[in-house]
Amino acid sequence: MDRREFIKVSSLTAAAVTVPSIFLGGCSQQPRPGTGEVTATPTVCDICFWKCAGHVYSENGIPWKIVGNKEDLHSNGRLCTRGTGGMGAYLDQDRLKTPMVREVGKNGKQTFREASWQEALDIIAKRMQQIADSHGADRMAMLSHGAGASHFKNLLKGYGSNTFTAPSYAQCRGPREVAFNLTYGEGVGSPDRTDMEHSRCIVLIGSHIGENLHNGQVQTLSRALERGVSLITVDPRYSVPASKSQHWLPIKPGTDTALLLAWMNVLIEEDLYDKAYIEQHAMGFDELAQHVKQFPPEWAYIQTGLKPALIRETAREMAKNAPATLVHPGRHTTWYGDDTQRERAIAILNALLGSWGRPGGFYMQEKVKLPKYKLPEYPKAKSNFKAAHAGKFPFATQAVSNAVIDASIGKDAHYRGWMVYGTNLPMTVPGIRNKLKQAAESLDLIVVIDTMPAEITGYADVILPECTYLERYDDLRNSGERHPSLALRMPAFEPKYDSKPGWWIAKQLGEKLGLQKFFPWKDYSEVLDWQLQQVGSSLAEMQKAGVKNFPRKTPMYMQEGQSRKFRTPSGKIELVSSQLAAKGFDALPVYTPPPTRPDDYYHLNYGRMPAHTFSRTTNNPLLFELAPENALWVNPQIARQHGIKNGETVRLQNQDGVVSNSIRVRVTERIGPDSVFMAHGFGHRSKKLQLTQGLGADDSDLMTNVLIDPIMGATGMRGNFVTFVKNSDQEHV
Ligand code: SF4
């Protein structure tokens, strides 16, 4: 018998089987104001990480709508489609409702049963204590996503662990942060410090702003387009931004670094780079110039399929508008396993254009100096995340999620317990299902804290239902930004069912573990009030306003002509990276060709759609109405070749024989004949997600060839190929 088997969360409880259409009807029949007392409660949206501030409107306590906070400069007072659908997260009848614990029946069958909070927390505290006594507290790891994780980080730090990992690092933006840090001594940060507001030329490389609705960024790009910005989009697919571009470069998948090197070649060979900026701020130019000599556009044409004249024309366009030219670093940057080097090439190209620290390029972020609530010193953890990396990934600045999972497998595994907060690992970390099963066999404890019965809950020993962001306080929003500001998330409603706020759960667990000194408050609102008082505000003020803007104290851009000390070893922008060279990596970016596409297989390309934040929102009833499933983009020529019609459903089979769920085909010229495309986040298997379960296909299941970046451990996901399996006969076509 498995020590811990994956349990379909459909067996969680017999309660609350709902008929989606009735529920949706209920949602759209929400009252409109006019007869009762209307209240507006401040919130910070948690539907994605962008953290837009808004107000939650209700009438007589009944939910009505969520709108943007007009004072919020970060979102310009507007929410995106998903943010306005945030009420669906609160109203979703599939939410986790009570704590659940795994048990083994007399027949050896594992099931979940409902438990009281006391019992569930007692089980967790007891097993955490056993792990600390037998192996050391440092053997508990936390895997998380979202601002609410901070309460549990406080708990684990107090307990003696220091391994915190978020898939947003190794599965998303880690390579660009490492690459920009190596080059400029600073990362791009979140929200991205891109100054599209003032750009005259914007270059998007595999980045689909507009399909990803990062609110403020989409607004600035829209405004830039209105004032006639020159947009250059590099994408094998005719994406939404490609359709708005002066230049669309339909590149062969995986050859972007070749294009970047050729662009550098043109800027240097034609003397178009910003000489004064490079002389004043950068080091390693001569080596760079020598290096890129070997990569003219004619060479890049063979790699990328892009004509040399187009490469030259676009390089000149960038130079003409520099330094207000932004070569956007992207956000999801984990593609082919050489991602830090590709992002280094983007960072260097921006340096040649003189855009770092200049209007229209990258601005300098500033946040509010908000004191931390005074807590006792945490005990020193016996080991940190580097134990999971086993000497690899020397430039990783935080734990790499896939490495933590690997270090949790086997009887001698380093990690003995996991706390998983707000992240659905099976649909987030590529090619993970077998490893999750093995880790579940090995670990002594898996706690999942979430609002929804996503697939990860099926691996838990104990499931704790957190209330949604509309029912709780969290930390103040204080992001590095163009304008420093604070924003408050507070409860607009009482927690539904038997769910609880994260701060309450962490405090209760802390008390059971004898760690109450790290939770010296009764209610988290006390912490927020104290912090706000330190910066001349108060909780009472913020409960009314929701947002408080502060004046900038530092310049937004570098001072022209003045020298600047960058936080790199040389104090300069490092075109040549001595740090990479010292660890045996290429000091200048080189091009690595992508894996070869097998005959009759197609690059599996994936991305976002505006209505959803991946698998987090596909069951949200309001957003489900907008987009219930994903579609597979297929080029007409390929569709003809395989006898596939528009609207038909097919399954996909990858190069390793893994077969997906059914997905509906969209035959379109907007994708070339070497790739297919789908939005990520669909194909749920959890039957408890009654709306979304079984709809669309899950791309992460098909990502069995994971290309690991040796520099910082990110998981390149684009080395996978698929072909079609017809649903009619399940035969390979
Ligand atoms: Fe919410 Fe949209 Fe802002 Fe994300 S971008 S925080 S989903 S409103």
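These exercises work through a predicted model, each with a solution in steps.

**Exercise 1. Aromatic pairs**

Task: Classify the ring pairs F295–W299 and W503–W521 by the angle of their planes.

Solution:
- Begin with the general rule. A pair of aromatic rings is described by the distance of the centres and the angle of the planes.
- A search of the whole structure finds 22 aromatic pairs.
- Take F295 and W299. Their ring centres are 4.7 Å apart and their planes stand at 50°, so this pair is tilted.
- F295 has 9% relative accessibility, so F295 counts as buried.
- Now take W503 and W521. Here the centres lie 6.0 Å apart and the planes meet at 70°, so the pair is edge-to-face.
- The cut-off for edge-to-face is over 60 degrees.
- Next, place the two residues in the chain. W503 belongs to helix 18 (residues 502–512), and W521 to the loop between helix 18 and helix 19 (524–534). The pair therefore ties together parts that are 18 residues apart in sequence.
- Check burial last. W503 is buried at a relative accessible area of 8%. W521 is buried too, at 6%.

**Exercise 2. A cluster and two charges over rings**

Task: Which residues form one aromatic cluster, and at what distance from the ring centre does R564 lie over F566?

Solution:
- The cluster is made of F180, Y184, W356 and F362.
- R564 lies over the face of F566, 5.2 Å from the ring centre.
- A lysine offers another case. The charged end of K97 sits over the ring of Y497, at 5.0 Å from its centre.

**Exercise 3. Strand 13**

Task: Is strand 13 largely enclosed or open? Find its strand partners.

Solution:
- Look at burial. Five of the five residues of strand 13 (residues 417–421) are buried, so the strand is largely enclosed by the rest of the structure.
- Split the residues by direction. G417, M419 and Y421 point one way, while W418 and V420 point the other way. All are buried.
- Find one partner. Strand 6 (residues 140–144) runs parallel to strand 13, and five bridges join them. S144 stands opposite Y421.
- Find another partner. Strand 14 (residues 445–450) pairs with strand 13 in the parallel sense, over five bridges. W418 has I446 as its bridge partner in strand 14.
- Trace the connection. Strand 13, helix 17 (residues 433–442) and strand 14 make a right-handed β-α-β unit.

**Exercise 4. Strand 9**

Task: Give the burial of strand 9, then find its partners.

Solution:
- Five of the five residues of strand 9 (residues 230–234) are buried, so strand 9 is largely enclosed by the rest of the structure.
- S230, I232 and V234 point one way, and L231 and T233 the other way.
- Strand 8 (residues 201–205) pairs with strand 9 in the parallel sense, over five bridges. L204 stands opposite T233.
- From strand 8 the chain passes through helix 7 (residues 215–226) to strand 9, and this β-α-β crossover is right-handed.
- Strand 10 (residues 247–249) is joined to strand 9 by three bridges, and the two run parallel. V234 has L249 as its bridge partner in strand 10.

**Exercise 5. The ligand shell**

Task: How many residues of each class does the shell around the ligand have?

Solution:
- List the shell. The ligand is surrounded by C45, I47, C48, W50, K51, C52, L79, C80, R82, G83, L213 and N215.
- Sort by class. The shell has eight nonpolar, two polar and two charged residues.

**Exercise 6. Unusual backbone**

Task: Where in the chain are P191, P323, K51 and N60? State the backbone feature of each.

Solution:
- Recall the background. Most residues other than glycine have a negative phi, and most peptide bonds are trans.
- The bond from S190 to P191 is cis, with omega near 0°. P191 is in the loop between helix 6 (167–184) and strand 8.
- A322 and P323 are also joined by a cis peptide bond, with omega about 5°. P323 is in the loop between helix 13 (308–321) and strand 12 (325–327).
- K51 is not a glycine, yet its phi is positive, about 65°. K51 lies in the loop between strand 1 (38–44) and strand 2 (53–59). K51 counts as partly exposed at 30% relative accessibility, and K51 is one of the residues around the ligand.
- N60 has a positive phi near 50°. N60 is in the loop between strand 2 and strand 3 (62–68). With a relative accessible area of 54%, N60 is exposed.

Definitions and conventions. Residues are numbered from 1 along each chain as its sequence is written. This is a predicted model: local features need pLDDT of at least 70, side-chain atom pairs count only at pLDDT 80 or more; totals for chains, interfaces and linings use all residues. Side-chain values use heavy atoms; hydrogens and water are left out. Rings of Phe, Tyr and Trp (its six-membered ring) pair if their centres lie within 6.5 Å; planes under 30 degrees apart count as stacked, over 60 as edge-to-face and the rest as tilted. Buried means under 20% relative accessible area, exposed over 50%, partly exposed in between (1.4 Å probe, protein chains only). Helices (H or I, at least four residues) and strands (E, at least two) are DSSP runs, numbered from the N terminus. A charge sits over a ring if NZ of Lys or CZ of Arg is within 6 Å of the ring centre and within 35 degrees of the ring normal. Two strands pair if DSSP finds at least two bridges between them. A crossover is right-handed if, with the strands pointing away from the viewer, the path from the first strand over the helix to the second runs clockwise. A residue is near a molecule or strand if one of its heavy atoms lies within 4 Å of it. Ala, Val, Leu, Ile, Met, Phe, Trp, Tyr, Cys and Pro count as nonpolar, Asp, Glu, Lys and Arg as charged, and the others, Gly among them, as polar.
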